[in-house]
Each structure stands twice: as structure tokens, then as C-alpha cells.
Amino acid sequence: MTEMARKAATGLDEDPGGGGQPVLDRLVALLDLEKLEENYYRGVSPVHSPVRVFGGQVAGQALVAAGRTVPEDRRVHSLHAYFIRGGDPSVPIVYEVDRIRDGRSFTTRRVVAVQHGKAIFSLSASFQKDEGGIEHADAMPDVVGPETLPTFPERVEGLGFAKHPRPIDVRYVNEPPWITRETGERPAANRVWMRADGKLPDDQLLHVCVLAYASDMTLLDSVLARHGVYWDDRNVLGASLDHALWFHRPFRADEWLLYDCVSPSASGARGLATGRFFAQDGTLVATVVQEGLLRVL
């Protein structure tokens, strides 16, 4: 285990409920995989984790594994992933990278995450050399800026939410789902500002991996909010099933990004959610689609 990974495993749960640079540094350490041999990497989870490994963690770590086998002049432009089994946070995760193709402009990688001899997650990612071309993008919704909005700890103060370190600063633009559940409002969109809660190194792959981590945090809220339920309800069971991300333009994950999420459909105990990340200047930088298992008992 690398020293950074050791710190991630033993220190991420210090200062429960806190945030800031120390907690973000532990996330960076969590994404610093240990190389076992060519195409094989190992990652860990925080000591005090939920019952299952957080989906954003395994997605971010798998993308790190893929990216470390790709030339630095190629940026990831898309990933497609499946959550196959719930991950066990008490044991390391081994990531096996398959070097599918190295072309003149594009590089393709496939990653399988393994625990206890079984696949828990698979990811395919495509990387491309920078090229010019035609340009257009959707406009960012007209929303209030992040600086005037309450922080997540301020939102949940006194509500009995479990306290965990939060490396991502999340600020809800609209009322969060645990509030609309009580008020009867059924919003069509769930919008939050988010950014890494501190300063990240100037490593473009790391910024992309941090965004992949953060993209799994509030996306399915857009499904639940339309039905007046939330994760802490005892009759709600849920898990991510698959996840896709397209990266359109360069960005920094330690600067404010608006995450605009909607749910076009829910059926068969599954909910579909789509999200768009906008930089604070209105630039569309990434698009996300996820389907989740959502059982309301």
C-alpha cells in the first residue's frame, strides 16, 4: 500500500462532519492507487465507510487506473460503467486494465474492479488527443450563485443526518429533497453547486476523476424528489446500476460547477437521471446519465 493510500484508509474519517483542505487531501490520497504490476492497481476505502463502497469512489479509482496507462496528451472524453455488486469497504479493490486500443487519435481502455475473486464494477473509457472542430452548447440555467447559498452542514444542522467528512462542498440551489418531501413540492429539477473543498494539484486527470466521484453524489435525488421520498426513509432502497459521463471541455473540479439534474423516467423499480455540469461562467463542461435501482417498499 502506498503512503498516500495508507493515509486515505486510516485518516479520512477524522474530524467527523468536517471538510476543507485536509479532507480533500484524503480524497486525493484515496485516488492514488498502488501499482501492483503492469495493468494491475489496488485501491482502498475509508476505514469508517457505509455498508457498501460509495459508487463515486470506485468510478473515480477505476478511471485513475485507466488513465495511468494512457499518454498524457490524451484526455478522457467519455466513460461508461456498470455497478455489478456492492463493494466491501473493509478490503482493498483490485483494478485490472485491459488496453483495448491505441489509435492515432483515440485510446480505449476497459477496467474491471475485483473483490473476493468477483467483479464488482466495470468501466470502459475513451481518451482523445486535443482537436479543433465545430462548437455549440446548451446555455446554463439562470440560478443564484453559490456564495449566497447555505453549506450542506448548515442545511442539515439539527436534522440527525450522519456526519461524515465531505471533500466536496455541495450547496443546493432549490430546496433539497428532504425538505420538499415535507412541503409537498415535487421539483422537476435538482440543482446544486459543487466544488472540491480546497485546492487540487494541476493534474487534469485528477480533476476529471474528482468530478466522476462527485457526479454520483446527488444525481438520483432528481428521481426521488419527484415522488416525495428520500434516502433516509426506511422504506427506500436504492443503488447505482450504471453511469455514463461525457467530458466536453476542460475544467477545474476545485472551482464552482452547477450540477443541473432531471429525471425523465422511472419504472420497473429503476429511475433514470441526467445531469449537466456548467462552469460558473456558463460553459457546459460535462454531461452525465445514470440509472439507479429504487425500491419504495
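Visitor: Over how many bridges do β3 and β6 pair in the antiparallel sense?

Guide: This is a predicted model, in which local features need pLDDT of at least 70 and side-chain atom pairs count only at pLDDT 80 or more, while totals for chains, interfaces and linings use all residues. Residues are numbered from 1 along each chain as its sequence is written, and side-chain values use heavy atoms, with hydrogens and water left out. Within the pair formed by β3 and β6 (strands are DSSP runs of E with at least two residues, helices runs of H or I with at least four, numbered from the N terminus), Arg74 stands opposite Lys129 of β6. Two strands pair if DSSP finds at least two bridges between them, and for β3 and β6 the number of bridges is nine.

Visitor: Which residue of β9 stands opposite Ser78?

Guide: β3 is also joined to β9, in an antiparallel run with five bridges. In this pairing, the residue of β9 that faces Ser78 is Trp246.

Visitor: In what order do the 12 strands form an open sheet?

Guide: The pairing in this sheet is antiparallel, as with the five bridges that join β3 to β9. From one end of the sheet to the other, the order is β1-β2-β4-β5-β6-β3-β9-β12-β11-β10-β8-β7.

Visitor: Which strands stand at the edges of the sheet?

Guide: A strand at the edge has a single partner strand, so one side of that strand is left without a neighbour in the sheet. For residues 168–172, that single partner is strand β8 (residues 189–196), joined by five antiparallel bridges to β7, with Val170 and Met194 as bridge partners. The two strands at the edges are β1 (34–37) and β7 (168–172).

Visitor: How many residues lie between β4 and β5 in their hairpin?

Guide: Strand β4 (residues 93–102) pairs with β5 in the antiparallel sense over eight bridges, and Val97 stands opposite Val111 of β5. The number of residues between β4 and β5 in the hairpin is three.

Visitor: What is the phi of His116, in the turn between β5 and β6?

Guide: β5 and β6 are antiparallel partners over 10 bridges, one pair of bridge partners being Ala113 and Phe121 of β6. Two residues separate these strands in their hairpin, and the phi of His116 in the turn is positive, at about 50 degrees.

Visitor: Which residues make up the covered face of β5?

Guide: Strand β5 spans residues 106–115, and its uncovered face holds Phe106, Thr108, Arg110, Val112 and Val114. The covered face is made up of Thr107, Arg109, Val111, Ala113 and Gln115.

Visitor: Is Asn39 buried or exposed?

Guide: Asn39 lies in the loop between β1 and β2 (40–43) and, although not a glycine, has a positive phi of about 75 degrees. Buried means under 20% relative accessible area, exposed over 50% and partly exposed in between, with a 1.4 Å probe and protein chains only. Because its relative accessibility is 18%, Asn39 counts as buried.

Visitor: What is the relative accessible area of Ala269?

Guide: Ala269 is placed in the loop between β10 and β11, and its phi, near 65 degrees, is a positive value in a residue other than glycine. Ala269 is partly exposed, with a relative accessible area of 32%.

Visitor: What is the volume of the largest cavity?

Guide: On a 1 Å grid over the protein atoms alone, a cavity is a set of points where a 1.4 Å probe fits but cannot get out, a pocket is an open set with protein on both sides within 12 Å along at least five of seven lines, and lining residues have an atom within 4 Å of a point. A search of the whole structure finds one cavity of 30 Å³ or more, whose lining includes Ile168, Met194, Val210 and Phe277, with at least two residues each from β8 and α6. Grid points are joined across faces, edges and corners, and a volume is the space filled by probe spheres set on them; for the largest cavity the volume is about 40 Å³.

Visitor: Which residues are closest to the centre of the second largest pocket?

Guide: The second largest pocket has a volume of about 610 Å³. Elements that give two or more residues to its lining are β3 (74–83), β6 (118–129), α6 (204–215) and β9 (236–247). Of the 23 lining residues, the closest to the centre are Asp130, Phe247, His248, Arg249 and Pro250.
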